[in-house]
Amino acid sequence: MQVNRLVIITVGKTHSGKTTFASALEQQLHPSLVIDQDNHAAFINTYYRSLLPKQGPNHIKFAVTQTIVDYAVQRTDDHLILCNSNRSYKSRLSLLTRFHQEGFISVIVHLDLPAHVLEERVAHSQRNTAIFRSAASFTEVLNRQQAEERNPDVAAPLEGEANYLYHITRSDQIAETISGIIHIAESTCYDSESQ
């Protein structure tokens with residue numbers, strides 16, 4: 001039996017629920033692996049802070065993430081859940097192209113909660129700030145992300161970018177979205193069995 005693997009890519013601002021969604025999906029989608037760039041940032045900031053660039057792209061964080069993704073693609077049969085903001089259209093397109101070439105079925109989950117919900121969440125956030133390289137708070141991160149919306153490359157995902165697209169604007173849509181992704185995984189596995 002050939003198993004068609006899924007790659008689920010979250011898109012969203014800070015505190016939009018990406019990590020919560022990814023963890024909940026991982027519990028129900030078997031076998032699956034969450035690859036969360038915030039974990040890599042915290043690891044680097046804790047143990048290899050001297051390697052961080054003073055400004056510009058965080059190349060070491062991207063290199064760590066890429067190494068883990070490559071290993072998971074080549075050495076496991078897991079569905080992959082990529083949990084980071086993925087708000088750049090060009091970066092998303094590059095990521096999707098690579099996974100499509102590897103035979104993955106792609107799913108984008110756009111967590112697009114209203115601004116006032118995100119502002120309320122960051123104001124009361126208890127999350128560890130060890131992931132930060134230069135920001136002082138999650139409020140600063142959110143403000144920067146809101147300002148980035150003027151950048152033409154920072155764009156909401158559209159139909160056709162991935163094989164499937166889910167758009168979450170309320171927390172109560174998460175369970176339904178997870179059910180939909182589980183159905184995709186089961187039906188694509190079934191399709192490959194019947195061929």
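## A salt-bridged α/β model

D70 is partly exposed, because its relative accessibility is 25%. Its side chain meets that of R98 in a salt bridge, at 2.8 Å from N to O. The pair ties together distant parts of the chain: D70 sits in helix α3 and R98 in helix α4, with their positions 28 residues apart. R98 has a relative accessibility of 18%, under the 20% limit, so R98 counts as buried.

The model is predicted. Its average pLDDT is 91. A score of at least 70 is reached by 95% of the residues. The weak stretch is residues 191–195, where pLDDT stays under 50. That stretch has 3 contacts beyond four places in sequence.

**Overall build**

The protein contains 7 helices and 5 strands. Along the sequence they follow the order β-α-β-α-α-β-α-β-α-α-β-α. The radius of gyration is 17 Å, close to the 16 Å from the globule rule for 195 residues, so the protein is as compact as a globular protein of that length. Along the principal axes, the C-alpha atoms fill a box of roughly 55 × 35 × 30 Å.

Buried residues account for 43% of the 195. Consider the contacts between residues at least 6 apart in sequence: 79% of these join residues at least 24 apart. The accessible surface totals about 10900 Å². Carbon and sulfur atoms supply 50% of that surface.

**Salt bridges**

The structure has 8 salt bridges. One of them joins K13 to E149, with the closest N and O atoms 2.4 Å apart. This pair spans 136 residues, from the loop between β1 and α1 (K13) to the loop between α6 (138–147) and β5 (164–168) (E149). The partners differ in cover. K13 is at 14% relative accessibility and therefore buried. E149 is at 44% and therefore partly exposed.

E161 bridges to R92, and their closest N and O atoms are 2.8 Å apart. Here again the pair links distant parts of the chain: E161 lies in the loop between α6 and β5, R92 in helix α4, 69 residues apart. Both E161 and R92 are buried. Shared partners also build a network of salt bridges, made of K13, R87, R144, E148 and E149.

**Backbone details in the loops**

Which peptide bond is cis? The bond from H30 to P31 is, with omega near -15°. P31 belongs to the loop between α1 (18–28) and β2 (32–36).

H15 has a positive phi, near 65°, although it is not glycine. Its place is the loop between β1 (6–12) and α1. N86 is another non-glycine residue with positive phi, in this case near 50°. N86 lies in the loop between β3 (79–83) and α4 (89–101). H15 falls under the 20% limit at 11%, so it is buried. N86 is at 13% and is therefore buried too.

**The loop between α2 and α3**

N58 sits in the loop between α2 (37–47) and α3 (59–75). Is N58 buried or exposed? Its relative accessibility is 8%, so N58 is buried. Neighbours within four places in sequence aside, its contacts are L52, P53 and R133.

Y48 is placed in the loop between α2 and α3. Its relative accessibility is 41%, which means that Y48 is partly exposed. Y48 also belongs to a nonpolar surface patch with F43, Y47 and L51. Together the four residues offer about 460 Å² of accessible area.

**Accessibility of selected residues**

| Residue | Relative accessibility | Class |
|---|---|---|
| N58 | 8% | buried |
| H15 | 11% | buried |
| N86 | 13% | buried |
| K13 | 14% | buried |
| R98 | 18% | buried |
| D70 | 25% | partly exposed |
| Y48 | 41% | partly exposed |
| E149 | 44% | partly exposed |

Definitions and conventions: Residues are numbered from 1 along each chain as its sequence is written. This is a predicted model: local features need pLDDT of at least 70, side-chain atom pairs count only at pLDDT 80 or more; totals for chains, interfaces and linings use all residues. Side-chain values use heavy atoms; hydrogens and water are left out. pLDDT is the predictor's confidence in each residue, from 0 to 100. Contact means heavy atoms within 4.5 Å. Helices (H or I, at least four residues) and strands (E, at least two) are DSSP runs, numbered from the N terminus. Buried means under 20% relative accessible area, exposed over 50%, partly exposed in between (1.4 Å probe, protein chains only). Patches are made of residues with over 30% relative accessible area and no salt bridge: like charges are joined within 9 Å, nonpolar side chains (Val, Leu, Ile, Met, Phe, Trp, Tyr) within 5 Å. Accessible areas come from the Shrake-Rupley method with a 1.4 Å probe; for residues, only the protein chains shown count as cover. The radius of gyration is taken over C-alpha atoms; the globule rule is 2.2 Å times the number of residues to the power 0.38.
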